[in-house]
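Student: I should like a close look at one residue of this model, followed by an account of the strands and loops elsewhere in the chain. Please take the single residue as the point of departure.

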Amino acid sequence: KLRFVEAASGAAVRQVEHGDWVFAVMFNHDGSLAATGSLKEGSRVAGQLRLVSPASGAVVREVEHSAGVRAVAFNHDGSLVATGSMDKKLRFVEAASGAAVRQVEHGDWVFAVMFNHDGSLAATGSLKEGSRVAGQLRLVSPASGAVVREVEHSAGVRAVAFNHDGSLVATGSMDKKLRFVEA
C-alpha cells in the first residue's frame, strides 16, 4: 500500500492499494503528485513507475519497466521524472504524458537517483549486479543522456543527494561510508 500521512499528527490521510512492492516514493515540488517505483510481487522481471494524486488517491499515470524500479525523482518544476531500475537503465519520463524522453544504459542496477536544483544533472547510485563490492556514482545530463562524470565506489551506492546549489553530491554506500563529491 501507498500511505499518505499527515506529518504533524502522524494520522493516515489516505491509503492507496498499490498491488506491487513499493521501493521508492517522492513528491513533486508542489505536492500535487507522488511518484512510486515498484517491483511486481515475486518478480525481478517487471516493475513500474506510477504517478498518484495525494488529494484523491487516483493513479494518474503508469509507465511499465522491464525490471523493478528502485529509485524515482522529480526535477524541480515537476515536468520530468527520473527512474532507476534493476534493468540497468536510467529513464527520463515526461510527467504529463508518461512518454520516455530519454533512456540511458547504465550497466549496473540503479538504486538511487536525484536531480540537481536546476535539473541540468541527475545523479545515480548503482550496484554491480550480484555484488556488494562495487558501485558507482554517475552524473548524467537529462538533456542529452551524456554521462558527465563517474566516480567508482568500493561498494554499492544506495543513496545520492545534491546540495542546494548543485556543487556537491553526497553518496551513501554499502561500505558504510558517506562521501561528498564535487559535481
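Student: Where does Lys176 lie?

Tutor: In this predicted model, Lys176 is placed in the loop that runs between strand 16 (168-173) and strand 17 (178-182). Its backbone has a positive phi of about 70°, although the residue is not a glycine. With a relative accessible area of 81%, Lys176 is exposed, because that value is over the 50% cut-off.

Lys88 also has a positive phi of about 70° without being a glycine. This residue sits in the loop between strand 8 and strand 9. Lys88 is partly exposed, at a relative accessible area of 24%, whereas Lys176 is exposed. A positive phi also occurs at a glycine: Gly119 takes a value near 75° in the hairpin of strand 11 and strand 12, where 6 residues stand between the strands.

From Lys88 the account passes to Lys89, which belongs to strand 9 (residues 89-94). Lys89 is buried, because its relative accessible area of 17% is under the 20% cut-off. If neighbours within four places in sequence are set aside, Lys89 is in contact with Thr83, Gly84, Gln103, Val104, Glu105, His106 and Val110. Of these partners, Thr83 and Gly84 fall within strand 8 (residues 80-85), while Gln103, Val104 and Glu105 fall within strand 10 (100-105).

These strands are members of an open sheet of 4 strands, ordered 7-8-9-10, with antiparallel pairing. Strand 7 (69-74) and strand 10 are at the edges with a single partner strand each, so one side of each has no neighbour in the sheet. Direction ignored, neighbouring strands here are turned against each other by 15° on average. Between strand 7 and strand 8, the antiparallel pairing extends over 5 bridges. Within that pairing, Phe74 is opposite Val81 of strand 8. Arg70 is another residue to note: its charged end sits over the ring of Phe23, at 3.9 Å from the ring centre.

Phe23 leads to another open sheet, since strand 3 covers residues 21-27. This sheet also has 4 strands, in the order 3-4-5-6, and its pairing is antiparallel. Strand 3 and strand 6 (59-65) are its edge strands, each pairing on one side only. From one strand to the next, the twist averages 20°. In the interior of that order, strand 4 (residues 34-39) and strand 5 (residues 47-52) pair in the antiparallel sense over 6 bridges, and Thr36 has Arg50 of strand 5 as its bridge partner.

Aromatic residues provide further links. When ring centres within 6.5 Å are taken as a pair, the count comes to 3 aromatic pairs. In one of them, Phe4 and Phe27 have ring centres 6.0 Å apart and planes at 50°, so this pair is tilted. Phe4 belongs to strand 1 (residues 2-5) and Phe27 to strand 3, so the pair ties together parts 23 residues apart in sequence. The two rings belong to residues of unlike exposure: Phe4 is buried at 8% relative accessibility, but Phe27 is partly exposed at 45%. Another of the pairs joins Trp109 and Phe111, whose ring centres are 6.3 Å apart and whose planes stand at 65°, so the pair is edge-to-face. Trp109 and Phe111 are both buried.

The burial of Trp109 and Phe111 fits the setting of strand 11 (residues 109-115), where 6 of the 7 residues are buried, so the strand is largely enclosed by the rest of the structure. Strand 11 runs antiparallel to strand 12 (residues 122-127), and 6 bridges join the two. Across this pairing, Met114 stands opposite Ala123 of strand 12.

A further loop residue completes the picture. Ala146 is found between strand 13 (135-140) and strand 14 (147-153), and it is partly exposed at 37% relative accessibility. Apart from neighbours within four places in sequence, Ala146 is in contact with Leu139, Val140 and Ser141. Ala146 and Leu49 are separated by 97 residues in sequence and by 23 Å in space, C-alpha to C-alpha.

Notes:
Residues are numbered from 1 along each chain as its sequence is written. This is a predicted model: local features need pLDDT of at least 70, side-chain atom pairs count only at pLDDT 80 or more; totals for chains, interfaces and linings use all residues. Side-chain values use heavy atoms; hydrogens and water are left out. Buried means under 20% relative accessible area, exposed over 50%, partly exposed in between (1.4 Å probe, protein chains only). Contact means heavy atoms within 4.5 Å. Rings of Phe, Tyr and Trp (its six-membered ring) pair if their centres lie within 6.5 Å; planes under 30 degrees apart count as stacked, over 60 as edge-to-face and the rest as tilted. A charge sits over a ring if NZ of Lys or CZ of Arg is within 6 Å of the ring centre and within 35 degrees of the ring normal. Two strands pair if DSSP finds at least two bridges between them. Axes are lines fitted to C-alpha atoms, for helices over the stretch in contact, and angles run from 0 to 180 degrees between N-to-C directions.
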